[in-house]
Amino acid sequence: MELALAKHLSDTLSPDATTRAEAERALEVAVHDEGYATSLLKIALAPIEEHTRQLAAVILKKCIREHWSRHDRLFVAPEISANEKAVIKQALPSGLGETNSKIRTAMAMAIAQVAVNEWPGEWPELTTTLVDGIRARRSKAEVLGCLKCY
């Protein structure tokens, strides 16, 4: 799924209007597929073209805002499955150490959006993860990413 999705993301930036329109339609359909949000996260963190990674990160943030919880006032069906939510919560913090500040910021904003719905009850380890990321000082990027979540 990631390869096709990455191609559609890249094609949305095409100068050709037909190519852009087809890619946009494909993305509108893909949002209903199980694993869509996880695939966006994998693309955002993959060693591929920066523009595709940035677009995946921004769309992931939007996807989480709209599809995370049916109890959210901005909810748009379908809701992300519980299994996919668990995978996303496990993987999202790895994006906080991104050297690309735009991707790092999108990951931090996605974490903050998940936290609105899940913290502390459904994601109690988030605080520990963020504090450890700051204290460990593995990289300046990671410290800045963790701080952006607050």
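## Helix α4 and its salt bridge

K62 counts as partly exposed because its relative accessibility is 39%. In this predicted model, K62 shares a salt bridge with E66, with 3.1 Å between N and O. Both residues belong to helix α4, where they stand four residues apart, or about one turn of the helix. E66 has a relative accessible area of 17%, so this residue is buried; the cut-off for buried is under 20%.

Helix α4 covers residues 50-67, which makes 18 residues. At 1.5 Å a residue the helix should span 26 Å, and the end C-alpha atoms are 25 Å apart, so the two values agree.

## Packing of α4

E66 is one of the buried residues of α4. The others in the list are T52, R53, A56, A57, L60, C63, I64 and H67. The buried residues of this helix pack against four helices: α1 (2-11), α3 (36-45), α5 (82-91) and α6 (101-118).

## Other salt bridges

The whole structure contains nine salt bridges, among them the pair K62 and E66. Another joins K85 to E79, with the closest N and O atoms 3.0 Å apart. K85 is buried because its relative accessible area is 11%. E79, at 26% relative accessibility, counts as partly exposed.

A further salt bridge links the side chains of R138 and E142, at 2.8 Å from N to O. The two partners differ in exposure: E142 is buried, with a relative accessible area of 14%, whereas R138 is exposed, with a relative accessible area of 57%. Elsewhere, E50, R53 and E98 are joined into one network by salt bridges that share partners. R53 also appears among the buried residues of α4.

## A nonpolar surface patch

L144, L147 and Y150 make up a nonpolar patch on the surface. Together these residues have about 310 Å² of accessible area. Y150 is placed in the segment after α8, a helix that runs over 140-148. Y150 has a relative accessibility of 59% and therefore counts as exposed, the cut-off for exposed being over 50%.

Definitions and conventions: Residues numbered from 1 in each chain as written. Predicted model: local features only at pLDDT ≥ 70, side-chain atom pairs only at ≥ 80, totals over all residues. Heavy atoms only, no water. Patch = residues over 30% accessible without salt bridge, like charges linked within 9 Å, V, L, I, M, F, W, Y side chains within 5 Å. Areas by Shrake-Rupley, 256 points an atom, 1.4 Å probe, with all protein chains shown as cover. Salt bridge = Lys/Arg side-chain N within 4 Å of Asp/Glu carboxyl O. Helix = DSSP H or I, 4+ residues; strand = E, 2+ residues; numbered from the N terminus. Buried < 20%, exposed > 50% of the residue type's maximum accessible area, 1.4 Å probe, protein only. Expected span 1.5 Å × (residues − 1). Contact = heavy atoms within 4.5 Å.
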